[in-house]
Every structure is written in C-alpha cells, then in structure tokens.
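Dear colleague,

I am passing on to you the structure shown just below, together with some notes on what was found in it. Please look through it first and then read on.

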Amino acid sequence: RVDAAAQEDLVVTDAGALVLVARSGELRLGGGVASPALALQAGSGPVLLQAEAGRLVVDAGLAGGGPLSLRASGDLVLGAAGRVALDGGASADLASGANLLMADGSSVTSAGTGAHLRLQATGNLTLGQLVAGGDVSLLARSIADSGGSELDIVAQGLRLVASGGGAGSGAAPLHTSVALLAAQVAGTGAAGLFVQEADALRTGTVGPVAVQRVAADGSVSTLGDAALSDVAAAGNVVLRSAGELRVGDGDANGTGLSAGGNLLLQTQGGAAALVLEPGAALRLAGGHASLLAAGELRLGADLVLERSGRSVDIEAGGAVRQAFGAGIDTNNSDVRVAAGGDIVLARVGACRPAGRGAASGGCSVRGVRGAAWQPEPPLEEERERCKEAGRERVERVVRVARQLAARLVSQHASSRVF
C-alpha cells in the first residue's frame with residue numbers, strides 16, 4: 001500500500017505563471033484545512049483565474065508579486081474571506097460580464113508606487129476595500145459600498161465611471177482616502193455621486209490608468225483607461241471631506257463640476273478650507289447648491305444655476321472670499337451667505353451693493369462686518385478704456401506739437417539772410 005499525504009492550496013514559486021481556466025460552470029477558490037485563510041500563493045509571475053461560462057468565487061486569500069487577472073462571464077464574487085494581497089507594484093485586473101460583488105470584509109491590496117487596480121462590471125459593483133499605491137479605476141453600471149464604515153478606497157487617485165446608476169448613496173457614501181477624484185455618473189436624481197473623504201481631496205484629472213491583463217497562455221498585455229477629468233453627474237453630487245476640499249478644472253474647459261440635481265460641497269474638519277479654483281466653475285442644471293466650509297471658503301470661479309426658483313447656501317466658519325471676476329448666477333433664485341469671518345464678494349446673484357441695480361430673488365448676507373464688494377469688472381474695464389483713450393489723446397497732442405515745432409523751425413531757417 002502507498003499512502004500519499006493530502007495536498008491543498010495552489011503554490012507557485014519564483015516567476016512561474018499560474019493559469020486556471022474553467023471552460024464551463026463555476027470556478028471557486030477556497031481555503032484548505034491547514035491554511036484556511038490562504039488558498040493561492042504565487043511568486044512574481046502572472047496569475048489568471050477565469051470562468052469562461054459561469055461565476056468566479058474567491059472565498060479565501062490570494063497572495064502574489066506579479067500581475068493578477070480575475071475574470072468571469074457571470075458574477076465575480078469576493079466573499080468575506082476573499083482577500084487579495086499583491087506586492088512589488090503588481091497590478092490587479094478584475095472584470096465581470098455581470099456583477100462584481102465584494103462582500104464586507106473582502107479586500108484587494110497592491111502595495112508599491114504606481115500599483116494600479118482596475119475593476120470593471122457590465123452590471124453592478126459593490127465594494128469591500130481597495131488599497132493601491134497608485135490609482136484605482138472603477139467602471140460599472142452602478143457602484144455601491146457593501147457595508148461598514150471602513151475605508152472603501154485608499155489610493156493616489158480615483159477614476160470612477162457609473163454608466164447607468166449612481167456611485168454611493170446618501171445613507172452609504174463611498175468612503176475614500178484619495179488625493180484626486182474624477183468621476184462620471186449617469187444616474188439621475190438621488191442616484192448621483194456620494195463621497196466621504198477621510199482627509200484632503202481635490203477634483204481634477206486622474207489617469208491614464210494602466211494595468212496588466214493576463215492571457216490564457218500566461219502572457220500579459222497592457223489594458224488602459226484614458227485620463228478622466230473633473231466631476232460630472234446627471235443626479236445629485238455630495239462631496240464631504242475631513243480636510244481641505246478643492247474643485248479643480250483638470251481639462252481646462254472652464255467647468256470643474258457639473259450636476260443635474262442638488263450639490264453639497266462640505267469640509268468637516270477643524271479649519272479645513274473649501275476652494276473653488278480659478279476656471280473651475282460649478283454648473284447645476286436643475287438643483288440647489290450648498291457650499292459649507294469648516295474654515296475659509298474661497299470662490300475663484302463661477303457658480304451657475306440654470307433653473308429658476310432654486311437656492312444657494314454659502315456658509316463658512318472663517319471668511320468667505322470671492323475672487324475678482326468670479327460670479328454666482330442664480331437665475332432668480334435666493335442666495336444666503338454667512339461667515340464667521342469677513343465676507344468679500346464680487347458678483348452674487350440677487351445680492352447687490354448700493355447703486356448696482358435691482359436684485360432678482362432674495363438675498364441674505366451675514367458676516368462679522370457685513371460684506372465688502374470687489375469693484376465690478378465692467379467698471380474696471382471702463383476705467384481701463386478711459387486710461388487708454390487718455391493716453392492716445394496725449395500722444396496725439398504730442399505728435400501735433402512736434403509737427404508744428406518742426407514746421408516753425410523749417411520756416412525760420414528758410415527766412416535767414418546771409
């Protein structure tokens with residue numbers, strides 16, 4: 001009789017590839033008896049787990065140091081024990097022809113500078129935890145938090161595209177710790193974009209984001225998502241941060257954020273500022289706007305409400321400062337501005353200083369010393385025009401004087417008698 005010891009798990013050493021493809025049915029990765037938490041240990045080579053005609057379920061840990069692809073024609077599921085840990089700057093490519101479902105407690109982590117994660121689902125995407133040394137790119141019909149208050153995404157940048165529904169919700173926002181955010185969200189109404197940032201956040205350009213896709217023969221090719229700029233949502237947008245929140249204009253098109261519904265931008269920590277950078281206008285097609293800052297609130301670009309009968313609520317624990325030339329166009333809507341510090345305004349919808357025309361809509365301005373107003377741009381432009389006209393007039397007088405002097409000198413010279 002020959003007795004063979006029991007075997008469990010999948011182990012690949014060095015740089016060898018590991019490819020496991022199920023032609024039909026479900027492919028499931030589970031832990032063994034001796035090491036229930038870890039089912040696959042790879043070296044620095046590529047890894048592919050693929051269900052060509054069914055679900056792929058990861059119910060245990062997976063570790064490696066090379067590029068990873070998890071692909072399924074059906075649902076791709078990471079159970080609560082499904083924890084993927086990569087090192088060496090390796091990328092992860094997760095793709096589902098249906099839904100990509102990460103249970104609360106599951107995670108995908110790739111340490112190292114430039115390590116990117118890409119998750120794509122034809123249907124819906126629910127998030128456990130994603131940690132990347134580089135950027136994270138998410139593409140799905142809708143994107144949701146699977147539960148819990150822990151961070152969902154930790155990365156340098158987050159590139160997010162929800163093609164049919166929302167990303168996060170009012171009750172369960174996406175919890176992030178990222179430096180940059182770019183998002184396109186097609187969901188209308190309450191199916192908008194909801195993000196809770198753990199520290200400072202800026203909206204701008206993220207990407208391009210490139211990962212390595214592993215083929216059935218163990219070879220790899222680059223799969224990339226083009227750079228995405230700014231935030232655009234057909235529904236509501238709620239961005240909250242514990243640190244400074246800045247809205248930038250990544251593609252320099254004059255718009256930093258656009259929303260079809262309501263907008264809330266809020267800083268919640270200490271004296272964190274809320275900053276609308278020059279050129280990064282906020283444009284709302286149909287909703288109300290609230291800009292709330294724990295510290296200073298700086299408006300360097302326009303806020304535009306396209307629909308009438310809406311409202312703008314601006315409040316800061318510190319000062320509110322609107323840059324020269326920036327404006328809030330409210331289309332016959334009410335405006336409220338309140339600050340714990342000074343208020344300096346340039347052009348704010350219904351609000352008018354004395355002598356600047358009739359108001360359109362209600363206006364309330366409350367600061368420690370009322371409001372100071374920047375000079376109106378038309379007045380400044382008129383002053384410049386007057387200065388230029390004055391300079392031209394002086395130059396014309398000087399030219400005439402010189403011509404007259406030259407003529408007199410010539411006449412005097414011709415009348416001399418020698």
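**What was found**

The chain has 1 helix and 41 strands, where helices (H or I, at least four residues) and strands (E, at least two) are DSSP runs numbered from the N terminus. Please bear in mind that this is a predicted model, in which local features need pLDDT of at least 70 and side-chain atom pairs count only at pLDDT 80 or more, while totals for chains, interfaces and linings use all residues. Residues are numbered from 1 along each chain as its sequence is written, and side-chain values use heavy atoms, with hydrogens and water left out.

For the chain as a whole, 45% of the 418 residues count as buried, a term that means under 20% relative accessible area, with exposed meaning over 50% and partly exposed in between (1.4 Å probe, protein chains only). The chain exposes about 18300 Å², of which carbon and sulfur atoms supply 52%; these accessible areas come from the Shrake-Rupley method with a 1.4 Å probe, and for residues only the protein chains shown count as cover.

One strand that repays a look is β15, which covers residues 124-127. Its side chains alternate, in that Leu125 and Leu127 point to one face and are buried, whereas Asn124 and Thr126 point to the other and are not. In a regular strand the side chains alternate between the two faces of the sheet. Strand β15 runs parallel to β12 (residues 100-102), to which it is joined by 2 bridges, and Leu100 stands opposite Leu125; two strands pair if DSSP finds at least two bridges between them. Strand β15 also runs parallel to β18 (residues 142-145), here with 4 bridges, and the bridge partner of Leu127 in β18 is Asp145.

Leu127 itself has a relative accessible area of 0% and is therefore buried. Leaving aside residues up to four places away in sequence, Leu127 touches a set of residues that includes Met102, Leu119, Ile143 and Leu174, contact meaning heavy atoms within 4.5 Å. Leu127 and Ala103 lie 24 residues apart in sequence and 7.1 Å apart in space, C-alpha to C-alpha.

Further along the chain, strand β28 (residues 255-259) is largely enclosed by the rest of the structure, because 4 of its 5 residues are buried. Strand β26 (residues 231-241) runs parallel to β28 and is joined to it by 3 bridges, with Val231 opposite Leu257. Strand β31 (residues 281-284) pairs with β28 in the parallel sense over 4 bridges, and Leu284 in β31 is the bridge partner of Ala259.

With best wishes
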